[in-house]
Amino acid sequence: MMREICAVAMTRSAQGAPRRRADLSLWRLGGACSSSCRAGSAAILLPTAAISRTFQLSRAMSMLAWCGVAVLSRPMVEGYEKNLSGYWNNADKEYAHINYNGYLAGEKKLIQAWTDWWLKYSPVSMHRRDVFENATVMEYGIGGGLLGKHLLEKYKVRHYIGVDIAERQLEEASNRLDACCRFKYSRLKVDHILDDVDLNPFRIDVFVSQAVMQHFPSNVYTRKFLGVLSRSRIPFLMLQVRELDVKLQGISMEYAQFVTRDLLATHLPNYEMLWQSKREPNGYVFYWWHLRT
């Protein structure tokens, strides 16, 4: 039955995203379900008008367990925000970027994508130094630690600090980093959201977060996160966000939060933007920010 639902959903998704506001009252699961569902981005759509709320919730939870992804619909937003670590501790490993195969196309291709998207645009020429070399780099939302390993080995980062709300991701990243860089990294688990006190013990040169802010549960949460970064006075920030039609915000986990350049500039008053990527077809935009002097 689940596979039939997924197949139907893929057909529905292939016809294009809903355009009318009324069409957005759908249950949507995003991410990687199984090999039979990945080709259509595993968008599972159930019309709310056709099923009772009780049935929707039970079906949504059973699909979550089967697919490892979340339904982010209005009745569930509050629960998601209260238990972020619980969700990400149990999310599908591909979706949580622990397993880099499947739709992520493997470690080598993903590293090349990171290089093309933002690593090669690190603000070297403007400041006449490599911002990574001999630097302490903090990454927020670390998946399986692949970026940390790459920065330590290729970019000569002095120390890498991996931060996550999910203990599982921290354990997976530790397994990877222990094999190459045992004494060059630290790990930090935060409760619910990054806070000023989490940053106090460290002298951080570069802060990186990619494929994370799009999953934040609310605008308030996003503004609090940016406020912490602005007060941190970390010299360089690299932030990846998702920018799409605001009408699509909230219809799925991938579309939980859209963050614009204006919002970043407003809530990062201590920073100036150095570089912005072009917007990718999926809405991804990468930014480099520098602390104002």
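## A walk around helix α7

Start by selecting E107, L110, I111, W114 and T115 in α5 in this predicted model, then add L146, L147 and H150 in α7; these are the residues through which the two helices meet. Colour that selection by class and you should find five nonpolar, two polar and one charged residues in the contact of α5 with α7.

Now show both helices in full. Helix α5 covers residues 107-117, and its axis and that of α7 are 11 Å apart, at an angle of about 70 degrees. The two helices are therefore roughly perpendicular to each other. Turn the view to look through the pair, and the crossing of α5 and α7 is right-handed.

**Next stop: α7 and α8**

Keep α7 (residues 146-154) on screen and bring in α8 (residues 167-181). How far apart are the axes of α7 and α8, and at what angle do these helices pack? The axes lie 9 Å apart and the angle is about 15 degrees. Because angles under 35 degrees count as roughly parallel, α7 is roughly parallel to α8. Here, too, the handedness is worth a look: α7 passes α8 in a right-handed crossing.

For the side chains, select L146, G148, K149, L152 and E153 in α7, together with R176, L177, C180 and C181 in α8, which they meet. By class, this contact of α7 with α8 has five nonpolar, one polar and three charged residues. Leave L146 highlighted for a moment: L146 meets α8 here, and L146 is also among the α7 residues that meet α5.

**Last stop: a small-volume cavity**

Stay with α8 and switch on a cavity display. The count comes to two cavities of 30 Å³ or more, and the one to visit is the second largest, with a volume of about 30 Å³. Which residues line the second largest cavity? Select I142, Y160, G162, L170, A173, S174, L177, Y185, S186 and R187. The elements giving two or more residues to this lining are β4 (159-164), α8 and β5 (185-189). The largest share, four residues, comes from α8. Coloured by class, the lining divides into six nonpolar, three polar and one charged.

Finish on L177, which lines this cavity and is also one of the α8 residues that α7 meets.

Notes
Residues numbered from 1 in each chain as written. Predicted model: local features only at pLDDT ≥ 70, side-chain atom pairs only at ≥ 80, totals over all residues. Heavy atoms only, no water. Axes fitted to C-alpha atoms, helices over the stretch in contact; angles between N-to-C directions. Parallel < 35°, antiparallel > 145°, perpendicular 65-115°, else oblique. Left-handed = near helix turned anticlockwise from the far one by under 90°. Contact = heavy atoms within 4.5 Å. Nonpolar A, V, L, I, M, F, W, Y, C, P; charged D, E, K, R; others polar. 1 Å grid on protein atoms, 1.4 Å probe; cavity = no way out; pocket = protein on both sides within 12 Å on 5 of 7 lines; lining within 4 Å. Points joined across faces, edges and corners; volume = space filled by probe spheres on them.
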